[in-house]
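This report covers strand pairing, an enclosed cavity and charged side-chain contacts. Please keep the sequence and structure in view while reading.

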Amino acid sequence: MAAIMMASTCAFAQHEPGSLTVQPRIGVSAYDFNNTSDTEARVGLVVGPEFEYTLSNRFSLAFGVNYSQQGTELKNSDVTFKMDYLTVPIVANVYLFKGFALKAGVQPGVNLSAKLDANGTKADIDDDMVKSFDVAIPFGLSYEFRNFVLDARYTLGVTKIFDEKKLNLKGVDLDSKNLGFQLTLGYKFTLF
C-alpha cells in the first residue's frame, strides 16, 4: 500500500494545476555550426527568466527570454565567430515523476550581434551577411528539487545562419545552422 501511494505521489508535477511560476536561470552553453568538420563549439553564457504554467499534474507549458552566446571556433586557428542571440524558448513539459520532466518545443531568436575574432583582432560581421532571425527546436530534460531546477537542453537549428550570397568564408559551410547544448540552474518562484 505504501509503495502504491509513493508511486502515485511521484507521478505528479511539483506545482498545482493552474499555477504560474517564474524561474531565473543561468548556465553554460556550447554552440557550433552544423555541416562543418573544421570547427568546434564556442562555450558561452545563457541567462534569462522562464515562466511556466502548470496545465495538469503531468503537463505544463513554459516560455522564456534568454540571452545566449553562440557561434563557433575554427580548429587549428585563432578564429572565433561570436554570435549573440535573444531567444524565446517555448516548450511543453511532460512530468514522468515528481520533479522530472521531458521537454520539447520551438525557439525563435533574434541575432543581437555577430563578430569575427581573428588572432586577437575583432571585427563586426555586417548585418546583411548574417540572418537576423533564427529558429531552433529545443528538447531535453529537467529535474526540480526544492524549487531548484537543473535543466539540460539540446537545440537543433532550423534556419540558416548566413546569407550565402553576401558572405564568402573559407572553411565555413554557408548552409550552416546553429546546434547547441545548454545546461542551466534556476530557482522557481510561484506567482500564483
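In this predicted model, the hairpin of β4 and β5 has four residues between the strands. Asn-76 takes a positive phi there, near 60 degrees. Strand β4 covers residues 66-74. Its pairing with β5 is antiparallel and runs over eight bridges. Within this pairing, Tyr-67 stands opposite Leu-86 of β5.

Strand β5 spans residues 79-87 and is mostly covered. Seven of its nine residues are buried. β5 also pairs with strand β7, residues 100-118. That pairing is antiparallel too, over nine bridges. Here Thr-80 stands opposite Asp-117 in β7.

**Salt bridges**

The structure holds nine salt bridges. Three of them are listed here.

| Pair | Closest N to O distance |
|---|---|
| Arg-25 and Asp-151 | 3.8 Å |
| Arg-42 and Asp-84 | 3.6 Å |
| Lys-82 and Asp-117 | 3.5 Å |

Arg-42 forms its salt bridge with Asp-84. Arg-42 lies in strand β2 and Asp-84 in strand β5, so the pair ties together parts that are 42 residues apart in sequence. Arg-42 counts as buried at 9% relative accessibility. Asp-84, at 13%, counts as buried as well.

Lys-82 forms a salt bridge with Asp-117. Lys-82 is in strand β5 and Asp-117 in strand β7, so this pair ties together parts 35 residues apart in sequence. Is Lys-82 buried, exposed or partly exposed? Lys-82 is partly exposed, with a relative accessible area of 25%. Asp-117 is buried, at 13%.

Arg-25 and Asp-151 meet through their side chains in a salt bridge. This pair links distant parts of the chain, 126 residues apart. Arg-25 sits in strand β1, residues 20-33, and Asp-151 in strand β10. Arg-25 is buried, with a relative accessible area of 4%. Asp-151 is buried at 2%. Salt bridges that share partners join Arg-25, Glu-50, Lys-103, Asp-151 and Arg-153 into one network.

**The cavity**

A search of the whole structure finds one cavity of 30 Å³ or more. About 50 Å³ of space lies in the largest cavity. Its lining has two nonpolar, three polar and six charged residues. Among the lining residues are Glu-50, Lys-103 and Asp-151. Tyr-95, Val-149 and Ser-142 also line the largest cavity. Which strands each supply at least two residues of the lining? They are β2 (39-54), β6 (90-97), β9 (133-145) and β10 (148-157).

Notes: Residues are numbered from 1 along each chain as its sequence is written. This is a predicted model: local features need pLDDT of at least 70, side-chain atom pairs count only at pLDDT 80 or more; totals for chains, interfaces and linings use all residues. Side-chain values use heavy atoms; hydrogens and water are left out. Buried means under 20% relative accessible area, exposed over 50%, partly exposed in between (1.4 Å probe, protein chains only). Two strands pair if DSSP finds at least two bridges between them. On a 1 Å grid over the protein atoms alone, a cavity is a set of points where a 1.4 Å probe fits but cannot get out, and a pocket is an open set with protein on both sides within 12 Å along at least five of seven lines; lining residues have an atom within 4 Å of a point. Grid points are joined across faces, edges and corners, and a volume is the space filled by probe spheres set on the points. Ala, Val, Leu, Ile, Met, Phe, Trp, Tyr, Cys and Pro count as nonpolar, Asp, Glu, Lys and Arg as charged, and the others, Gly among them, as polar. A salt bridge is a side-chain nitrogen of Lys or Arg within 4 Å of a carboxyl oxygen of Asp or Glu.
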